[in-house]
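Q: Got a minute to go through this one with me? I'd like to start with how the chains meet.

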Protein chains: 2
Amino acid sequence: MPSSLGETKKGDFMIRIGIFGYGNLGRGVESAIRQNSDMELAAVFTRRAPESVKLRTEGVPVYHADKAAEMADKIDVMILCGGSATDLPRQTPEMVKYFNVIDSFDTHAKIPEHFEDVDAAAKESGKIGIISVGWDPGMFSLNRLFGEAILANGATYTFWGKGVSQGHSDAIRRIEGVADARQYTIPVESALEAVRSGANPELTTREKHTRECFVVAKDGADKARIENEIKTMPNYFADYDTTVHFISQEELNEKHGGIPHGGFVIRSGKTGFELENNHIIEYSLKLDSNPEFTSSVLVAYARAAYRMNKEGMNGCKTVFDVAPAYLSPKTGAELRKELL
Amino acid sequence: MPSSLGETKKGDFMIRIGIFGYGNLGRGVESAIRQNSDMELAAVFTRRAPESVKLRTEGVPVYHADKAAEMADKIDVMILCGGSATDLPRQTPEMVKYFNVIDSFDTHAKIPEHFEDVDAAAKESGKIGIISVGWDPGMFSLNRLFGEAILANGATYTFWGKGVSQGHSDAIRRIEGVADARQYTIPVESALEAVRSGANPELTTREKHTRECFVVAKDGADKARIENEIKTMPNYFADYDTTVHFISQEELNEKHGGIPHGGFVIRSGKTGFELENNHIIEYSLKLDSNPEFTSSVLVAYARAAYRMNKEGMNGCKTVFDVAPAYLSPKTGAELRKELL
């Protein structure tokens, strides 16, 4: 390993990226690659009929997912854009046999198990698999780690939103009589202020976030029943102050078509021999497009995976294991001169 | 290197820390070590008469700086708490011959030269020297790197304050007729808001920060002249909107005795095929004690230096080269389970 990781030279040729799964995330990766001059989109893989998939990038082939393994020598890093529920637990350990891979696995409780599966396969193939990349897990996780490593005596708070929760929106759509729905998770401003004050408050679920739902009811549906089913839904809404608005499909499409999100990670800690000094570290995101921002993080970590593997590293990694210099196309000397 | 850096086990024994230089920063390191159960303060080194230095920690020896080299086998990481102007350029390359070292070298323009000096000595000794650790350079530098690596199309803004600038306070004290002074650097709220709006404004020095000075004049001194000399001082004040308040020494001691600081690093960037989506990443610090927070960062990086060197790494590093997992006393498995 070089004295300074950043000394790693940029690839002599472009980093060849593959996209596995062409939904919101895959399209986000496609657009993010255009902003990074040291990368090129080599191919897109889909489980649909390849000829039915139209890319935004000229001259890039679309193959069926089954053909991926045959492209092992044409792709440096495969970015897996499937879902955490059923796709990634199978796809990441499988794909890392052939490629360095990046995924955005976000089922927090199952991360240790996923890590072990990917690590075993990656060590055998000699590739790197960086899992759970994005903003939470991802950049928020990093800030939780930095916060408690620096301010050992303190408390960490994570708030999400204002933003659209896909899972909660889907849960509403499954209710009988609901045609469409969009749910926003909203942090409670007074809770944020209490945390920023350094008071280290104990906050209940209800005190931290509220939930706002915009629902399109089918003709003749019982809106009172729908609203009640939403507000009493266990895990999803019962523990929150939830408001429900019934609107038309037109209004939903017009005013709630975007996928914004964001949030806050705040570390509040004390220093000094009598713990007399308080410190607040706050990291926040305000995102117009949740999938496009997540994709931008995935692409930066794809660069890291390529460079770390080139230096001989392999196995499963998370954002905790990646030295920041690997994320930037700049050399260590450039980073020290321009950003340090 | 282990598959996951975080897998590094905690030291079988405590990490033995040495403090070189016992001023505000050194005392901050001393108090920070108390909050980290895997570390112990092994010794303090000073250029003053050792018997004249009274520590806050019982049973820790104080030695003259000249004796440091003799302690090579008793200290795992030496934290250098001297100044960037004359101390660190000599001390860091010298001390890294015997110890893993951490410094907070903050003369941005001279970082590349300092890096080369420390790197040469560290490679020869097989030790690690992590330089320019703190919050700027340090945590702010990391956020500048993360911001531009993730949002390749965008602009980065750094604001400092509200906080005490030691350098500017000293500059005022050098003016004839000034008994004492304290200078606050204050970010302009409207500039912060313009940046957060995603407008990517071009901001002049004057538009980003204002400077507020609290001055104690000597008896009979010409306050009008002092105020004019402050406001027209090149580099320090001439390019800023500066306000000067004359107060008594008592009021200065009572209301302006602290050393608070902080600031903001904001990355504003666009994604999407038509760059139609905007994103704001904001990192901010609100610090009651600038030296104690800086010390807390130094101590976390001392843990990283110890563990990285134990894994065989050597040479000069910066915060860009340190995988975040090395900063935490938790194992990789604990980090993935609790923080990812």
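Q: How much area do chain A and chain B bury between them?
A: About 6,800 Å², with 61% of it on carbon and sulfur atoms. Buried area here is the accessible area (1.4 Å probe) that two parts lose on being put together, summed over both.

Q: Before I go on, what am I looking at?
A: This is a predicted model, where local features need pLDDT of at least 70 and side-chain atom pairs count only at pLDDT 80 or more, while totals for chains, interfaces and linings use all residues. Residues are numbered from 1 along each chain as its sequence is written, chains are lettered from A and ligands numbered from 1 in the order in which they are written, and side-chain values use heavy atoms, with hydrogens and water left out.

Q: OK. How many residues of chain A are in contact with chain B?
A: 85 residues of chain A touch 85 residues of chain B, contact meaning heavy atoms within 4.5 Å. 100% of chain A's interface residues are also interface residues in chain B, so the copies meet through the same surface.

Q: What turn lays chain A on chain B?
A: A turn of 180° with a shift of 0.0 Å along the axis, giving an RMSD of 0.1 Å. The two copies are thus related as by a two-fold rotation axis. The superposition is by least squares on the C-alpha atoms of residues with pLDDT of at least 70 in both.

Q: Which residue of chain A comes closest to the rotation axis?
A: A:Ala323, with its C-alpha at 1.9 Å.

Q: And salt bridges, how many across the interface?
A: The rule finds 4 between chain A and chain B, counting a side-chain nitrogen of Lys or Arg within 4 Å of a carboxyl oxygen of Asp or Glu. One of them pairs A:Glu274 with B:Arg56, the closest N and O atoms being 3.2 Å apart.

Q: Which element gives the largest share of chain A's side?
A: S13(A), with 11 residues. Helices and strands are DSSP runs (H or I, at least four residues; E, at least two), numbered from the N terminus.

Q: What does S13(A) pair with over there?
A: Strand S13 (residues 277-287) of chain B, through 9 bridges, and the two run antiparallel. Pairing needs at least two DSSP bridges between the strands. A:His279 sits opposite B:Leu287 in S13(B).

Q: Switching topic: any salt bridge inside chain A?
A: A:Arg173 and A:Asp170 form one, at 2.5 Å from N to O. They are 3 residues apart in helix H5 (residues 166-173) of chain A, so about one helical turn separates them. Over all chains, the search finds 38 salt bridges.

Q: What order do the strands take in the open sheet of chain A?
A: S8-S9-S10-S11, 4 strands with mixed pairing. Strand S8 (163-164) and strand S11 (241-246) stand at the edges with a single partner strand each, so one side of each is left without a neighbour in the sheet. S8(A) runs antiparallel to strand S9 (residues 178-187) of chain A, joined by 2 bridges, and A:Gly163 has A:Thr185 as its bridge partner in S9(A).

Q: Anything odd in the backbone?
A: There's a cis peptide bond between A:Gly161 and A:Lys162, omega about 5°. A:Lys162 lies in the loop between strand S7 (154-160) and S8 of chain A. Chain B has a cis bond joining B:Gly161 and B:Lys162, with omega about 0°. Then there's A:Asn235, a residue other than glycine with a positive phi, near 65°, in the loop between helix H8 (223-231) and S11 of chain A.
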